[in-house]
Amino acid sequence: MRIPMVDIDALDDELRVIVAKWQALGGDPNFICTFGRLPETLKRFLPFYSPLVRKGLIEFRTKELVRLRLAQLNQCHY
């Protein structure tokens, strides 16, 4: 079973601004559109999650390669 994504236009104003910033940094809006079904939870989660993805000692490219490899190993098609 797949969880349908929320259309960007259906997100509230605050989440649409977050999507625009995320895309400007090269981020994929699908994460926000998938978890946009729980907007208040998502808004609380993003300040925690974003620094983990975008900042730190390990460069973003390496983190992304690890995520892709883990997805491949787990046969995740997303």
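In this tour a residue is called buried when its relative accessible area is under 20%, exposed when that area is over 50%, and partly exposed in between, with a 1.4 Å probe and protein chains only as the basis. What you have open is a predicted model, in which local features need pLDDT of at least 70 and side-chain atom pairs count only at pLDDT 80 or more, while totals for chains, interfaces and linings use all residues. Residues are numbered from 1 along each chain as its sequence is written, and side-chain values use heavy atoms, with hydrogens and water left out.

**The whole chain**

Begin with the whole chain shown as a cartoon, where you will find four helices and zero strands, arranged along the sequence in the pattern α-α-α-α; these elements are DSSP runs numbered from the N terminus, a helix being H or I with at least four residues and a strand being E with at least two. The C-alpha trace spans about 35 × 30 × 20 Å along its principal axes. Of the 78 residues in the chain, 23% are buried. If you switch to a surface, about 6,200 Å² is exposed, and carbon and sulfur atoms supply 62% of it, the areas coming from the Shrake-Rupley method with a 1.4 Å probe, where for residues only the protein chains shown count as cover.

**The core**

Next, select Val6, Leu11, Leu15, Val19, Trp22, Phe31, Ile32, Cys33, Leu42 and Leu46, the 10 residues of the largest nonpolar core. Such a core is a set of buried Ala, Val, Leu, Ile, Met, Phe, Trp, Tyr and Cys residues joined through side-chain atoms within 4.5 Å. The elements that give two or more residues to this core are H1, helix H2 (30–35) and H3. Stay on Cys33, which, leaving aside its neighbours within four places in sequence, is in contact (heavy atoms within 4.5 Å) with Met5, Val6, Ile8 and Leu11.

**The second largest pocket**

Now select Ile18, Lys21, Trp22, Leu25, Lys43, Leu46, Pro47, Ser50 and Arg54, which line the second largest pocket. Helix H1 (13–24) and helix H3 (39–54) are the elements that give two or more residues to this lining, and the largest share, five residues, comes from H3. On a 1 Å grid over the protein atoms alone, a pocket is an open set of points where a 1.4 Å probe fits, with protein on both sides within 12 Å along at least five of seven lines, and lining residues have an atom within 4 Å of a point. About 150 Å³ of space lies in this pocket. By class, its lining has five nonpolar, one polar and three charged residues.

**Two phenylalanines**

Move to Phe45, which lies in helix H3 and is partly exposed, with a relative accessible area of 32%. Phe45 and Asp12 are 33 residues apart in sequence and 16 Å apart in space, C-alpha to C-alpha.

Phe60, in helix H4, also deserves a stop: at 30% relative accessibility, Phe60 counts as partly exposed. Leaving aside its neighbours within four places in sequence, Phe60 is in contact with Val53, Arg54 and Arg67. From Phe60 to Ile32 the C-alpha distance is 18 Å, with their positions 28 residues apart in sequence.

**The last stop**

Finally, select Gln75, found in the segment after helix H4 (60–73). Its phi is near 55 degrees, a positive value in a residue other than glycine. Is Gln75 buried or exposed? Gln75 is exposed, with a relative accessible area of 65%.

How values were computed
Grid points are joined across faces, edges and corners, and a volume is the space filled by probe spheres set on the points. Ala, Val, Leu, Ile, Met, Phe, Trp, Tyr, Cys and Pro count as nonpolar, Asp, Glu, Lys and Arg as charged, and the others, Gly among them, as polar.
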